[in-house]
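Here are my notes on the model you sent round. Please read them with the structure open.

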Amino acid sequence: MTAPSPSPLNPNAWEQRYQDGTTHWDLGQPAPAFRTLLAAPDAPLAGSAIALGAGRGHDALYFAHQGFEVTAVDFAPSAIQALGDQAEAAHLPLRRLQRDIFDLVPEYAGQFTYVIEHTCLCAIDPSLRPAYVDLVAELLVPSGELLAVFFTHQRSGGPPFGITPAAVRQLFEPQFDLLTFAPVANSVPARRGEEYWGRFRKRSLGG
Ligand SMILES: C[S@@+](CC[C@H](N)C(=O)[O-])C[C@H]1O[C@@H](n2cnc3c(N)ncnc32)[C@H](O)[C@@H]1O
């Protein structure tokens with residue numbers, strides 16, 4: 001009997017990708033949609049934010065640079081090391097947590113004005129998506145916001161696991177008001193036509 005192959009979704013598998021340099025998802029810069037969001041007249045005001053599955057931290061550092069108080073979470077040690085090195089080089093304060101995002105609650109429940117999502121939802125097992133939505137809601141203060149760039153590709157397999165915009169809407173609508181949910185206009189060429197951005201506000205209980 002052959003041993004089952006290790007899951008491509010466990011921390012060791014992600015760490016191996018960093019060590020091998022097969023980090024094709026890494027844009028080497030913040031998602032352009034976040035630059036647009038923070039430059040807009042109605043940009044979210046700086047506040048506490050947590051970046052889930054932050055990788056090398058390009059988005060987390062961008063928000064920190066714009067005055068947000070950022071906590072960046074990833075369970076791959078090399079990702080945490082790289083984002084720490086980047087923060088140090090840029091002299092930016094940033095809290096780093098090497099943790100499984102699904103272990104953040106109850107410790108960090110209700111502590112953040114914003115959750116930052118960029119290619120984390122597509123990196124987890126699709127069966128965990130409802131738990132991910134609950135996690136985002138639990139991390140946020142009342143009326144806190146999810147600031148997200150969703151990878152809405154439609155290919156089979158993964159990671160990255162594709163998702164339709166309709167499925168994103170269906171997942172989040174029970175707990176969030178979708179203030180904005182629209183195709184990204186300035187994706188990098190490799191993701192053109194396959195990204196949606198969202199600004200979702202956590203609905204208060206009974207609201
Ligand atoms: C596709 S990468 C995206 C990284 C980063 N957001 C970016 O855009 O460059 C997904 C990241 O999520 C991390 N990750 C996946 N599942 C995780 C989990 N359950 N807890 C913490 N980190 C996780 C991986 O280690 C990886 O760094």
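1. Burial. This is a predicted model. Of the 207 residues in the protein chain, 37% count as buried. Contacts reach far along the sequence: among those between residues at least 6 apart, 70% join residues at least 24 apart.

2. Overall build. The protein chain holds six helices and seven strands. Read from the N terminus, the order is α-α-β-α-β-α-β-β-α-β-α-β-β. The radius of gyration is 16 Å, close to the 17 Å that the globule rule gives for 207 residues, so the chain is as compact as a globular protein of that length. The C-alpha trace spans about 55 × 40 × 40 Å along its principal axes.

3. The sheet. Seven strands make up an open sheet, and the pairing is mixed. Their order across the sheet is β3-β2-β1-β4-β5-β7-β6. Which strands stand at the edges? They are β3 (95-98) and β6 (176-183). Each has a single partner strand, so one side of each is left without a neighbour in the sheet. From one strand to the next, the twist averages 15°.

4. The β6 end. β6 and β7 run antiparallel and are joined by seven bridges. For a spot to look at, take Ala 182: its bridge partner in β7 is Trp 197.

5. Helix α4. This helix covers residues 77-89 and packs on the sheet. It touches β2 (69-74) and β3. The direction of α4 makes about 170° with that of β3.

6. Helix α5. What does α5 lie across? It crosses β1, β4, β5 and β7, and runs at about 135° to β5. The helix spans residues 129-139, and its buried residues are Tyr 132, Val 133, Leu 135, Val 136, Ala 137 and Leu 139. An α-helix has 3.6 residues a turn, so residues three or four places apart point the same way. In α5, Tyr 132, Leu 135 and Leu 139 are buried, and so are Val 133, Val 136 and Ala 137. The cover over the buried residues of α5 includes the strands β1 (48-52), β4 (112-118), β5 (140-151) and β7 (195-202). Helix α6 (165-172) is also part of that cover.

7. The ligand. How many residues surround the ligand? There are 19, and the closest are Trp 14, Gly 53, Gly 55, Ala 76 and Ala 123. By class, the shell has 12 nonpolar, four polar and three charged residues.

Note on methods. Residues are numbered from 1 along each chain as its sequence is written. This is a predicted model: local features need pLDDT of at least 70, side-chain atom pairs count only at pLDDT 80 or more; totals for chains, interfaces and linings use all residues. Helices (H or I, at least four residues) and strands (E, at least two) are DSSP runs, numbered from the N terminus. The radius of gyration is taken over C-alpha atoms; the globule rule is 2.2 Å times the number of residues to the power 0.38. A residue is buried if 20 or more other C-beta atoms lie within 10 Å of its own, exposed if 12 or fewer, and partly exposed in between; C-beta atoms are placed from the backbone. Two residues are in contact if their C-beta atoms, placed from the backbone, lie within 7 Å. A residue is near a molecule or strand if its C-beta atom, placed from the backbone, lies within 6 Å of it. Ala, Val, Leu, Ile, Met, Phe, Trp, Tyr, Cys and Pro count as nonpolar, Asp, Glu, Lys and Arg as charged, and the others, Gly among them, as polar. Two strands pair if DSSP finds at least two bridges between them. Axes are lines fitted to C-alpha atoms, for helices over the stretch in contact, and angles run from 0 to 180 degrees between N-to-C directions.
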